Amino acid sequence: TYAEFLKIDFPRVPFTANENLFCEIGKLGKQLADLHLLKSPLLDIPVARYQGEGDNDRIEKIDYQESEQRIYINNEKYFEGVKPEVWNYYIGGYQVLPKYLKDRKGRILEDAPHYCRIVTALQKTIEIQKEIDNLYPEIEKDLIEF
(Lines give C-alpha, C1' and ligand atoms only; values in the text may rest on other atoms or scores of the structure.)
Protein backbone atom coordinates (compact mmCIF):
# COMPACT_ATOMS: atom_id res chain seq x y z
CA THR A 1 0.00 0.00 0.00
CA TYR A 2 2.73 2.48 0.95
CA ALA A 3 5.61 1.24 -1.20
CA GLU A 4 5.85 4.48 -3.21
CA PHE A 5 5.90 6.61 -0.05
CA LEU A 6 8.70 4.51 1.43
CA LYS A 7 10.86 5.22 -1.62
CA ILE A 8 10.76 8.98 -0.99
CA ASP A 9 10.28 9.38 2.76
CA PHE A 10 10.59 7.67 6.13
CA PRO A 11 7.84 5.26 7.20
CA ARG A 12 4.97 6.89 8.98
CA VAL A 13 3.12 5.14 11.78
CA PRO A 14 -0.65 5.61 11.59
CA PHE A 15 -2.12 6.13 15.08
CA THR A 16 -5.71 5.19 15.70
CA ALA A 17 -7.84 7.04 18.22
CA ASN A 18 -9.41 3.70 19.19
CA GLU A 19 -7.52 2.73 22.36
CA ASN A 20 -8.47 -0.95 22.25
CA LEU A 21 -7.37 -1.26 18.64
CA PHE A 22 -4.15 0.61 19.43
CA CYS A 23 -3.38 -1.87 22.25
CA GLU A 24 -4.20 -4.85 20.04
CA ILE A 25 -1.89 -3.64 17.27
CA GLY A 26 0.77 -2.88 19.89
CA LYS A 27 0.62 -6.48 21.15
CA LEU A 28 1.04 -7.78 17.61
CA GLY A 29 3.99 -5.44 17.10
CA LYS A 30 5.59 -6.71 20.30
CA GLN A 31 5.12 -10.29 19.10
CA LEU A 32 6.84 -9.40 15.81
CA ALA A 33 9.76 -7.75 17.61
CA ASP A 34 10.20 -10.77 19.88
CA LEU A 35 10.08 -13.12 16.90
CA HIS A 36 12.67 -11.12 14.97
CA LEU A 37 14.96 -11.03 18.00
CA LEU A 38 14.43 -14.81 18.36
CA LYS A 39 13.22 -14.27 21.94
CA SER A 40 9.60 -15.31 21.55
CA PRO A 41 8.13 -18.32 23.35
CA LEU A 42 6.38 -19.06 20.03
CA LEU A 43 9.77 -20.35 18.83
CA ASP A 44 9.95 -23.09 21.45
CA ILE A 45 8.00 -25.47 19.23
CA PRO A 46 9.71 -25.27 15.82
CA VAL A 47 7.75 -25.78 12.62
CA ALA A 48 10.83 -27.18 10.82
CA ARG A 49 12.99 -30.17 11.66
CA TYR A 50 16.55 -31.05 10.66
CA GLN A 51 16.55 -34.53 9.14
CA GLY A 52 18.73 -36.96 7.23
CA GLU A 53 21.15 -39.83 7.53
CA GLY A 54 24.86 -39.74 8.28
CA ASP A 55 27.01 -37.11 9.87
CA ASN A 56 27.69 -34.84 6.90
CA ASP A 57 26.47 -31.43 8.07
CA ARG A 58 28.41 -29.42 5.49
CA ILE A 59 26.34 -26.96 3.48
CA GLU A 60 27.23 -28.14 -0.01
CA LYS A 61 24.17 -27.14 -1.98
CA ILE A 62 20.98 -25.27 -1.24
CA ASP A 63 17.98 -26.84 -2.89
CA TYR A 64 14.38 -26.12 -1.93
CA GLN A 65 11.91 -28.79 -2.98
CA GLU A 66 8.49 -27.16 -2.80
CA SER A 67 6.54 -30.40 -3.24
CA GLU A 68 8.32 -31.91 -0.23
CA GLN A 69 8.58 -28.61 1.69
CA ARG A 70 12.25 -29.41 2.27
CA ILE A 71 15.49 -27.44 2.07
CA TYR A 72 18.40 -29.72 1.20
CA ILE A 73 21.87 -28.62 2.27
CA ASN A 74 23.57 -31.69 0.77
CA ASN A 75 22.57 -35.11 -0.54
CA GLU A 76 21.87 -36.49 2.94
CA LYS A 77 20.62 -33.64 5.15
CA TYR A 78 17.62 -31.35 4.91
CA PHE A 79 15.15 -29.21 6.82
CA GLU A 80 11.55 -30.32 6.48
CA GLY A 81 8.34 -28.46 7.17
CA VAL A 82 9.26 -25.28 5.30
CA LYS A 83 6.25 -23.82 3.51
CA PRO A 84 6.80 -22.07 0.16
CA GLU A 85 5.71 -18.68 1.51
CA VAL A 86 8.32 -19.01 4.26
CA TRP A 87 11.07 -20.01 1.81
CA ASN A 88 10.14 -17.06 -0.42
CA TYR A 89 9.88 -14.49 2.40
CA TYR A 90 11.96 -11.33 1.99
CA ILE A 91 13.21 -8.89 4.61
CA GLY A 92 15.23 -5.86 3.56
CA GLY A 93 15.46 -7.02 -0.04
CA TYR A 94 16.87 -10.45 0.88
CA GLN A 95 15.24 -13.84 0.76
CA VAL A 96 16.02 -14.77 4.37
CA LEU A 97 16.35 -18.57 4.38
CA PRO A 98 18.48 -19.00 1.24
CA LYS A 99 20.70 -16.05 2.21
CA TYR A 100 21.46 -17.55 5.62
CA LEU A 101 22.60 -20.80 4.02
CA LYS A 102 24.43 -19.17 1.09
CA ASP A 103 26.45 -17.08 3.53
CA ARG A 104 27.59 -20.34 5.17
CA LYS A 105 28.05 -22.47 2.05
CA GLY A 106 31.05 -24.79 2.31
CA ARG A 107 30.99 -24.66 6.10
CA ILE A 108 29.62 -27.12 8.63
CA LEU A 109 26.12 -26.26 9.84
CA GLU A 110 26.80 -26.00 13.55
CA ASP A 111 23.42 -24.88 14.86
CA ALA A 112 20.53 -26.54 13.03
CA PRO A 113 18.07 -25.70 15.86
CA HIS A 114 18.87 -22.00 15.34
CA TYR A 115 17.90 -22.29 11.66
CA CYS A 116 14.69 -24.08 12.67
CA ARG A 117 13.93 -21.13 14.97
CA ILE A 118 14.44 -18.73 12.05
CA VAL A 119 12.04 -20.76 9.91
CA THR A 120 9.51 -20.68 12.75
CA ALA A 121 9.98 -16.93 13.27
CA LEU A 122 9.27 -16.28 9.60
CA GLN A 123 6.17 -18.47 9.55
CA LYS A 124 4.80 -16.80 12.68
CA THR A 125 5.67 -13.39 11.19
CA ILE A 126 3.55 -14.17 8.12
CA GLU A 127 0.66 -15.21 10.37
CA ILE A 128 0.88 -12.03 12.45
CA GLN A 129 1.16 -9.86 9.35
CA LYS A 130 -2.14 -11.33 8.15
CA GLU A 131 -3.74 -10.40 11.48
CA ILE A 132 -2.40 -6.85 11.16
CA ASP A 133 -3.64 -6.63 7.57
CA ASN A 134 -7.12 -7.63 8.75
CA LEU A 135 -7.11 -4.96 11.48
CA TYR A 136 -5.56 -2.21 9.38
CA PRO A 137 -8.77 -0.99 7.71
CA GLU A 138 -10.14 -0.29 11.20
CA ILE A 139 -7.08 1.81 12.02
CA GLU A 140 -7.61 4.01 8.97
CA LYS A 141 -11.20 4.74 10.00
CA ASP A 142 -10.17 6.76 13.04
CA LEU A 143 -6.68 8.20 12.54
CA ILE A 144 -5.10 10.80 14.79
CA GLU A 145 -3.76 13.63 12.66
CA PHE A 146 -0.49 15.27 13.71
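Modeller: Helices (H or I, at least four residues) and strands (E, at least two) are DSSP runs, numbered from the N terminus. The model is predicted, so to speak of local features we need pLDDT of at least 70 and count side-chain atom pairs only at pLDDT 80 or more, while totals for chains, interfaces and linings use all residues. Residues are numbered from 1 along each chain as its sequence is written, and side-chain values use heavy atoms, leaving out hydrogens and water.

Colleague: Thanks! Where is Leu38 found?

Modeller: Look at its backbone as well: Leu38 has a positive phi of about 55 degrees although it is not a glycine. Most residues other than glycine have a negative phi. Leu38 has a relative accessibility of 21%, so it counts as partly exposed (20% to 50%; buried is under 20% and exposed over 50%, with a 1.4 Å probe and protein chains only). As for its place, Leu38 is found in the loop between α2 and β1.

Colleague: And Gln69, what is its relative accessible area?

Modeller: Gln69 sits in the loop between β2 and β3. Its phi is positive too, near 55 degrees, in a residue other than glycine. Gln69 is partly exposed, with a relative accessible area of 30%.

Colleague: Is Ser40 buried or exposed?

Modeller: Ser40 lies in the loop between α2 and β1. Leaving aside neighbours within four places in sequence, Ser40 is in contact (heavy atoms within 4.5 Å) with Asp34 and Leu35. With a relative accessible area of 6%, Ser40 is buried.

Colleague: Now the sheet. Which strands stand at the edges?

Modeller: Four strands make an open sheet with antiparallel pairing, where two strands pair if DSSP finds at least two bridges between them. The order is β1-β4-β3-β2. The two edge strands each have a single partner strand, so one side of each is left without a neighbour in the sheet; they are β1 and β2 (63–65).

Colleague: How many bridges are there between β1 and β4?

Modeller: Strand β1 covers residues 49–52. One pair to look for is Gly52 with its bridge partner in β4, Lys77. The pairing of β1 with β4 is antiparallel, and its bridges number four.

Colleague: How many residues lie between β3 and β4 in their hairpin?

Modeller: Strand β3 (residues 70–72) runs antiparallel to β4, joined by three bridges. Within this pairing, Tyr72 stands opposite Tyr78 in β4. The hairpin formed by β3 and β4 has between its strands a number of residues equal to four.

Colleague: Which residue in β3 stands opposite Tyr64?

Modeller: The strands to look at are β2 and β3, which run antiparallel with three bridges joining them. Opposite Tyr64 stands Ile71.

Colleague: Which residues of β4 are buried on each side?

Modeller: In a regular strand the side chains alternate between the two faces of the sheet. Strand β4 (residues 77–80) has both faces covered. The buried residues are Lys77 and Phe79 on one side, and on the other Tyr78 and Glu80.

Colleague: Which helix gives the most residues to the largest nonpolar core?

Modeller: A nonpolar core is a set of buried Ala, Val, Leu, Ile, Met, Phe, Trp, Tyr and Cys residues joined through side-chain atoms within 4.5 Å. The largest one has 21 residues, of which Ile71, Phe79, Val82, Leu97 and Tyr115 touch the most other members. Helices α3 (84–87), α4 (96–102) and α5 (112–141) each supply at least two residues. With seven residues, the helix that gives the most is α5.

Colleague: What is Tyr115 in contact with, leaving aside its neighbours within four places in sequence?

Modeller: Tyr115 is among the residues that touch the most other members of that largest core. Its contacts are Ile71, Phe79, Trp87, Leu97, Pro98, Tyr100 and Leu101.

Colleague: How far apart are the axes of α2 and α5?

Modeller: Axes are lines fitted to C-alpha atoms, for helices over the stretch in contact, and angles run from 0 to 180 degrees between N-to-C directions. Helix α2 (residues 19–36) packs against α5 at an angle of about 160 degrees, which makes the two roughly antiparallel (over 145 degrees). Residues in the contact include Leu28, Leu32 and Leu35 of α2 and Thr125, Ile128 and Ile132 of α5. The axes of α2 and α5 lie apart by 10 Å.

Colleague: Last one: how far apart in space are Lys124 and Cys23, C-alpha to C-alpha?

Modeller: Lys124 belongs to helix α5. Beyond its neighbours within four places in sequence, Lys124 is in contact with Leu35 and Leu42. Lys124 and Cys23 are 101 residues apart in sequence, and their C-alpha separation in space is 20 Å.

How values were computed
Angles under 35 degrees count as roughly parallel, over 145 as roughly antiparallel, 65 to 115 as roughly perpendicular and the rest as oblique.
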